[in-house]
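Biologist: Could you take me through the backbone and the nonpolar packing of this protein, giving the cut-offs as you go?

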Amino acid sequence: MRVGVHINRFNHPAGAPALGAELASAGAAAEAAGVSWLSVMDHYFQMEFNGGAEDPMLEAYSTLSFLAAHTETVRLCALVTGVTYRHPGLLAKIATTLDVLSGGRAALGVGAAWYDREHEGLGVPFPPLAERFERLEETLRICLQMWDPTANGPFEGTHYRLAETLCVPAPVSSPHPEIMIGGSGEKKTLRLVARYGDACNLFATSPEEVTHKLDVLRRHCDTEGRDHDEIRKTITYTPDGDDLDLFTRDITGYGKLGIDTVILAPRTGAPAEWIERFAAPAVQRLAELD
């Protein structure tokens, strides 16, 4: 099982002027530690349960572009992009640009969006949930069409209409950046994973709960005629302090489920030091479990 790090706080003790250097250091620390994945949230405002809207928040793709310039090996992703935040044609172009400039290290994380306050606060339309899922499926179809060099042409959907799906330059990743669909909804989200996703992301609630979700995903794959093993399985885990023994005990149960990557989500605005202190030995712990 591999280790990723999800940077989700930007409240550095030294304030905004320190964020650039801190993120550059976090990228270097991650690669030195053997971390395979770096992600950031895609939000306009900080989440209420993670400090609140008045806490600092950086725009996701600008931040990922900065991280791309300061790293060489880690995969980069927004975990996950809300489908309402950007027009899907623009989103595909943004993800492609990140992939090209990072040398093929971009993944497209995407979900149905949920944080109403940030939408209302900045005047971004926030449709009802059912419509957001409809838009999510159309967005996935648009991205795949834009990433197919033989498929340039119109797209006619219920919510989106594109006269052209031209995307030049094409992604460096082959056949395209990995599509990670975030969420564990059994009727819609996991069905979309089975139909369109290259990877899924679940919360590390318990091995029993994740087993259930993966069983649901397998049934959707059977319905869609998809090989369940083709989909990369990941979990997001928030460490309880710096207890590596507790972490190892918690994660051991997930390793038996075919989880490819555990994405650690520390609640700190100074992730570089935390990566050196906790993520680096966590990488070694999981290597020993293998």
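Modeller: What follows covers some backbone features and then the nonpolar cores.
This is a predicted model, in which local features need pLDDT of at least 70, side-chain atom pairs count only at pLDDT 80 or more, and totals for chains, interfaces and linings use all residues. Residues are numbered from 1 along each chain as its sequence is written, and side-chain values use heavy atoms, with hydrogens and water left out.

Biologist: What is omega for the cis peptide bond from Val168 to Pro169?
Modeller: Pro169 sits in the loop between strand S7 (161-162) and strand S8 (178-182), where strands are DSSP runs of E with at least two residues and helices are runs of H or I with at least four, numbered from the N terminus. The bond from Val168 to Pro169 is cis, with omega near 0°.

Biologist: Is Ala113 buried or exposed?
Modeller: Ala113, in the loop between strand S5 (107-111) and helix H4 (116-122), has a positive phi of about 70° although it is not a glycine. Buried means under 20% relative accessible area, exposed over 50% and partly exposed in between, with a 1.4 Å probe and protein chains only. Ala113 has a relative accessible area of 11%, so Ala113 is buried.

Biologist: Which helix gives the most to the largest nonpolar core?
Modeller: A nonpolar core is a set of buried Ala, Val, Leu, Ile, Met, Phe, Trp, Tyr and Cys residues joined through side-chain atoms within 4.5 Å. Of the 80 residues in the largest one, Phe247, Ile251, Val262, Leu264 and Ile275 touch the most other members. With eight residues, the most is given by helix H9 (residues 271-289).
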